[in-house]
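Visitor: Could you walk me through this one? I am new to it, so plain answers would help.

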Number of protein chains: 2
Amino acid sequence: MYWSKTLIPTSREVPADADIISHQLLIRAGLVRRISAGVYDWLPLGWKSMQKIMDIIRQEMNAIDAQEVHLPALLPAELWKQTGRYTDYGPLLFKLKDRKGSEMILGPTHEECVTELMKACVSSHKQLPLTLYQIQGKFRDEARPRNGLLRVREFFMKDAYSFHSSLESLHETYQAMYQAYVRIFKRCGINAVPVEADSGPIGGDASHEFICPCDAGEDIIVRAVDGSYAANLERAGNARQLSAADAPVGNTGASSRVSTPGASSIADVCNFLKVPQSVLIKTLVYSRQSDDGPRWLVACVRGDHDINEAKLKKIAGNVELADEPAARAAGFTIGFTGPHIVNVLPAQLVIDPDALLLTDAVTGDNEVDVHLTGFNWREHIQEDKLHTARIADIRNITESDKAPNGAALVFSKGIELGHVFKLGTKYSDALAATFLDDRQKSSSMIMGCYGIGPGRIMVAALETLSDADGIRWPMSIAPCHVLITPIKYDGQARQVADNLHTELSQLGMDVLVDDRDQRPGVKFKDADLIGIPVRLVLGDKGLAAGQVEVKLRHMKQAEMLPLEGIARHIADMVNKSRSLPD
Amino acid sequence: MYWSKTLIPTSREVPADADIISHQLLIRAGLVRRISAGVYDWLPLGWKSMQKIMDIIRQEMNAIDAQEVHLPALLPAELWKQTGRYTDYGPLLFKLKDRKGSEMILGPTHEECVTELMKACVSSHKQLPLTLYQIQGKFRDEARPRNGLLRVREFFMKDAYSFHSSLESLHETYQAMYQAYVRIFKRCGINAVPVEADSGPIGGDASHEFICPCDAGEDIIVRAVDGSYAANLERAGNARQLSAADAPVGNTGASSRVSTPGASSIADVCNFLKVPQSVLIKTLVYSRQSDDGPRWLVACVRGDHDINEAKLKKIAGNVELADEPAARAAGFTIGFTGPHIVNVLPAQLVIDPDALLLTDAVTGDNEVDVHLTGFNWREHIQEDKLHTARIADIRNITESDKAPNGAALVFSKGIELGHVFKLGTKYSDALAATFLDDRQKSSSMIMGCYGIGPGRIMVAALETLSDADGIRWPMSIAPCHVLITPIKYDGQARQVADNLHTELSQLGMDVLVDDRDQRPGVKFKDADLIGIPVRLVLGDKGLAAGQVEVKLRHMKQAEMLPLEGIARHIADMVNKSRSLPD
């Protein structure tokens, strides 16, 4: 491959909208180009790397007997209506109509499509288990596309779906997939930490995310300092199990109403009352639509804790923070709600264990600019209301919490690269994808699903491996292995460059020759920027002495090596470095 | 690969909606599955073959220094508005809006997108020529999706675009692309005839289609019996050049109005008048929208000829057959229009040379159920109207016409597999994609575009190479090379099957083992249906004698060969057969 015959639009300038390193490098090294918000052209170098990432994924999927298919992007809305996701997926779903007015969507994922396929083609337990996968473009109408390839509207995904006649079989495939993921990220040269994620309908150890720790990431990983535990923030919780009966008896009778004029935040209230946030009960009003209007839910956590909506939704279904005007109309004094509002308004009470253990707490008194001190659950909540309250972990864990095994915790940011998930029968139930077991009994197929974002693997590599001069590709996913840079592409240098290009290509290397009529300084700067792992510099002086300069992108120093036998030497080095590390 | 671990839903039944062989086989052999009209799932076997077709295309594109990219499916409508195709493309274009209300389309092709990319990245003649290609999903909202993969709404396309600073450079790349196409189809084992196609804006020898002759095709190829000429029907024409001055003088004065009650077709009229269709002038009314209402066009061909709208549009722009009510309101007696209507209504007259040469012809007399006999151009058309008439080839050629070189012609049907096209500057003009030449003068980049439908290559293989029992894959694009069929998958047969699977895979063969618990008859029928080129049958008796049965799908007879060394023997055979034929 010759630079002059391809399109590598490098740039010295940092794009104005690019906050994170990977976004800057993607643009500056000419890997991608933005065409509209969250939609990108893949240019030759970027696409070559993507193809290598996809090939690694493909090899590891095939190695565990997953079968590659290709499902369409254009899906009938009807299928998504059957599982409820046509509405549940919300505005993230791209919707359109065809010329006959039929409703269609652009697939952001393919559970419905693949389940419908299996329903049509598989009827017996003898045909199970079966794992299908694809590497394919997905569409998601993000509210705020940003951070280059991190939050995009059209992107690639490897999505795999497994189908089983038993939980044991699902578990076996899940384990195989988990191990394949470990190999994939390792082969791509990326650090990916498997963390426990939302457990889903099957419960237990049913979901893991693979996260590359780095500051540009949008996910938070919670890890035990001793490495004994890792989970994402949505999942990480404490193991404490309490019930309403555990509500302590406080200093009964000492409560009083306090006017707190103008104190609109928890910090304000605590400053005003000179108490720590940890004695406050934060009370938030949620609602869920039902046929006869909104159902209300009052959620309580300690003032220094944050509600975790993923946990709340697992307990209470698809609730959302209440619409303020509607909540006010129903009698809630938003901003000053206290748990005792459930004594007078019909609402489900949900209490986090740490909030339940407070005595003589501070909380809103259901009136503007008024708080209540000396709040105690047994004193201020009617007995039947307290009795029917749900006590459950509904908050984000903090760094001062402990892992379930008691170990100290540390938080870090990261990029989610992949996810393995025991789905259960959600989709096969909804679409009636059943099989007959060996006694001719019909059951829903049990499913797992498994995703990887190849673009995010690239982002992780750029974020974590680059230096101030540019990209440093892992050999396995580098667009090219070797960059040949003649100081001037003519005379002997040209001949040597062309010969090396041929020879190295024949040895299976991907080679780029910088044959541009550019100053050496420009060529070297571009070389560092695009980050090809091995650079061979051909200068007149060296060539006269039968030598070439070999410079590895991740090393400071270059060395002069004999031209004789250099191709074989380089190929051996590349092959060693691109094979699976131990 | 083991049959029990993959998804090959074979079927004995011919699907009700499948008229053509390829459509039947695609479904019956479990290669694809329809999800909605013109939208298909690619299943494991079909997808394996598609990947091989795509790899062959990729190799040949890379060999001529085309650079692979990947452009998005989701394109901003604005870009298509700039070239006018947002409206010109009509209802074939899938349109949608994102959550912010921005108009987007799903790309049916990528001229705009790639031109915009080149505009942004290339500014100097030194960066040209450059050829970019992609293999990617396209979307087209067909009015009547049909014939399996022949007319679909979501499909794969290899589309390449070349950019040049001179016509010579375009010509060079065009030739290289043409030769690459010849190699691609040959390597895929498909007969593809290059035919002259619509010449486009550059004129001359500027466009070729590659067509696989077969009855299921929707295109018509016009070929000289001596092989000296081949064109598609839209393009094929006679070289006769006439002008209005060539209109002959007829038997002046012998014309008369004839009542032709109930004769509504040309055949009816000719039966009624007892004249051949070749003395009739067929007159059709077309219109084109303009700011002040429709502009009318009256097109005349001989009664036994058909108007070719592609030719008409090249002369008259984007005209369409007139809307009947609108044409009647304007004064046209649709069904009985004669050319002399231009004497009284404002309309452009276009006459095909063969119609111009008629004397004493029959034509409608612009009144219901009335025809005119003895029509002559000089007599019945006002002199200034005849003078301003366009005389041009606007009809389909027929088998009784001659090739431009005088050779006799033969028609046949075919499937269009690919198209190479000298585009010129249509898109670079519209999007201002310019470059500076060596004298710093700015010009629009000159473009070529080049498409192949990988799915149509598969269709062509299925249509032309299958037999009554099923598919006969060319080795190069077969999903697997070898099918191992143990009569019963247990005992020695199982062990031999597993060993052969391992050994052949290590030799680079793609192998499928039919490990199903099925009767031999079912296995053999399925084997013929899915058409893997080499079948190894493992039976107890043969194995006891150290032999396996080797059956080639395209041969009637099987032969028994020693098990010893069979893997090497088969691999040699496969490698010989999948390499580029001479």
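**A small sheet, then the pair of chains**

Guide: In chain A, three strands make up an open sheet in the order β4-β6-β5, with antiparallel pairing; strands are DSSP runs (E, at least two residues) and helices are DSSP runs (H or I, at least four), numbered from the N terminus, and two strands pair if DSSP finds at least two bridges between them. This is a predicted model in which local features need pLDDT of at least 70 and side-chain atom pairs count only at pLDDT 80 or more, while totals for chains, interfaces and linings use all residues. Residues are numbered from 1 along each chain as its sequence is written, and chains are lettered from A and ligands numbered from 1 in the order in which they are written.

Visitor: Which strands of chain A stand at the edges?

Guide: Those are β4 (74-76) and β5 (94-97) of chain A, and each has a single partner strand, so one side of each is left without a neighbour in the sheet. From one strand to the next the twist averages 40°.

Visitor: How many bridges join β5(A) to β6 of chain A?

Guide: Four bridges join β5(A) to β6 (residues 103-106) of chain A, and the two run antiparallel; within this pairing, A:Lys95 stands opposite A:Ile105 in β6(A).

Visitor: And in chain B, what pairs with β6?

Guide: β4(B) pairs with β6 (residues 103-106) of chain B in the antiparallel sense over three bridges, with B:Pro76 opposite B:Met104 in β6(B). β5(B) also pairs with β6(B), antiparallel and over four bridges, and B:Lys95 has B:Ile105 as its bridge partner there. β5(B) and β6(B) form a hairpin with five residues between them, and B:Gly101 in the turn has a positive phi of about 90°.

Visitor: Switching topic, how many residues of chain B are in contact with chain A?

Guide: There are 41 residues of chain B in contact with 41 residues of chain A, where contact means that the C-beta atoms, placed from the backbone, lie within 7 Å. Among the elements of chain B that each supply at least two residues to that side are β1 (32-36), α2, β5 (94-97) and β7 (130-139). The residues of this side divide into 26 nonpolar, five polar and 10 charged.

Visitor: How are the two copies related?

Guide: A turn of 179° and a shift of 0.1 Å along the axis lay chain B on chain A with an RMSD of 0.3 Å, the superposition being by least squares on the C-alpha atoms of residues with pLDDT of at least 70 in both. The two copies are thus related as by a two-fold rotation axis. In chain B, the C-alpha nearest the axis belongs to B:Leu96, at 2.8 Å from it. Of the interface residues of chain B, 100% are also interface residues in chain A, so the copies meet through the same surface.

Visitor: Back to chain A, which domains is it divided into?

Guide: Chain A has domain 1 (9-71 + 110-237 + 410-462), domain 2 (244-391) and domain 3 (480-578), with bounds that come from an automatic or database domain assignment. Taken over C-alpha atoms, the centres of domain 1 and domain 3 of chain A are separated by 36 Å.

Visitor: What does β21 of chain A pair with?

Guide: β21 (residues 409-424) of chain A pairs antiparallel with β10 (residues 207-213) of chain A over seven bridges, and A:Phe210 has A:Gly418 as its bridge partner. Six bridges join β11 (residues 219-224) of chain A to β21(A), again antiparallel, and β24 (residues 446-452) of chain A pairs with β21(A) in the antiparallel sense over six bridges.

Notes: Axes are lines fitted to C-alpha atoms, for helices over the stretch in contact, and angles run from 0 to 180 degrees between N-to-C directions. Two residues are in contact if their C-beta atoms, placed from the backbone, lie within 7 Å. Ala, Val, Leu, Ile, Met, Phe, Trp, Tyr, Cys and Pro count as nonpolar, Asp, Glu, Lys and Arg as charged, and the others, Gly among them, as polar.
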